[in-house]
Amino acid sequence: MTSFHFDIGSRARHAGRFIGRVRGELLRVLAEKKAKAGLPQQVLAEKLGIERSLINRQLSGEANLSLRSLADLAWAMDMEISFELKEPVARAGQNQPILNQPMTTSTVQYGQIKYINGGGKQVALFAVPANPETVQAKKSA
């Protein structure tokens with residue numbers, strides 16, 4: 001099975017991780033509040049004067065979760081928001097680019113994609129092995 005490496009970019013990766021952490025924290029606190037005090041989304045919606053479906057869409061990622069709506073949700077849950085900017089720490093499994101290595105296009109150690117003009121009208125696309133000695137043919141059983 002072939003898999004590909006797509007770089008979404010550092011900016012989008014950081015934004016996505018931050019939004020995921022915020023939504024995850026909201027869901028965690030809401031679950032705790034529901035277990036301890038029986039606080040369902042409907043009660044939050046009534047306290048905020050909005051539809052419960054909007055809260056559900058915000059928490060599931062289907063609707064925009066603005067800073068204002070985040071502050072409103074925290075207020076409705078009687079919680080205080082803490083925010084901190086700090087230097088990033090690379091961890092295993094975060095799909096961070098490996099420094100000083102060429103971008104690869106698969107997990108089989110292929111190098112960058114090469115574009116070849118094959119006669120003017122057709123453009124062929126293929127990946128060149130980064131290190132031909134490390135690529136071995138697999139035999140099927």
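A salt bridge is taken here as a side-chain nitrogen of Lys or Arg within 4 Å of a carboxyl oxygen of Asp or Glu. The model is predicted, so that local features need pLDDT of at least 70 and side-chain atom pairs count only at pLDDT 80 or more, while totals for chains, interfaces and linings use all residues. Residues are numbered from 1 along each chain as its sequence is written, and side-chain values use heavy atoms, with hydrogens and water left out.

The protein holds 4 helices and 2 strands, which follow one another along the sequence as α-α-α-α-β-β; helices (H or I, at least four residues) and strands (E, at least two) are DSSP runs numbered from the N terminus. Of its 141 residues, 18% are buried, where buried means under 20% relative accessible area, exposed over 50%, and partly exposed in between (1.4 Å probe, protein chains only).

The structure contains 4 salt bridges, among them the three listed below.

| Salt bridge | Closest N to O distance | Location and separation |
|---|---|---|
| E25 and R28 | 2.5 Å | helix α1, 3 residues apart |
| R28 and E32 | 2.5 Å | helix α1, 4 residues apart |
| R68 and D72 | 3.4 Å | helix α4, 4 residues apart |

In helix α4, R68 is exposed because its relative accessible area is 63%, whereas D72, at 28%, is partly exposed. Salt bridges that share partners join E25, R28 and E32 into one network. Within that network, E25 is partly exposed with a relative accessible area of 38%, R28 is partly exposed at 38%, and E32 is partly exposed at 37%.

Helix α2, which spans residues 41–48, includes Q41, and this residue counts as buried because its relative accessibility is 18%. When neighbours within four places in sequence are left aside, Q41 is in contact with L30, R52, I55, N56 and L59, contact meaning heavy atoms within 4.5 Å.

On the surface, F18, I19, F83 and L85 make a nonpolar patch of about 460 Å²; such patches are made of residues with over 30% relative accessible area and no salt bridge, with like charges joined within 9 Å and nonpolar side chains (Val, Leu, Ile, Met, Phe, Trp, Tyr) within 5 Å. I19 belongs to helix α1, residues 10–37, and is partly exposed with a relative accessible area of 42%.

D78 lies in the loop between α4 (67–76) and β1 (110–117), and it has a positive phi of about 55° although it is not a glycine. Most residues other than glycine have a negative phi. D78 counts as exposed because its relative accessibility is 61%.

Definitions and conventions
Areas by Shrake-Rupley, 256 points an atom, 1.4 Å probe, with all protein chains shown as cover.
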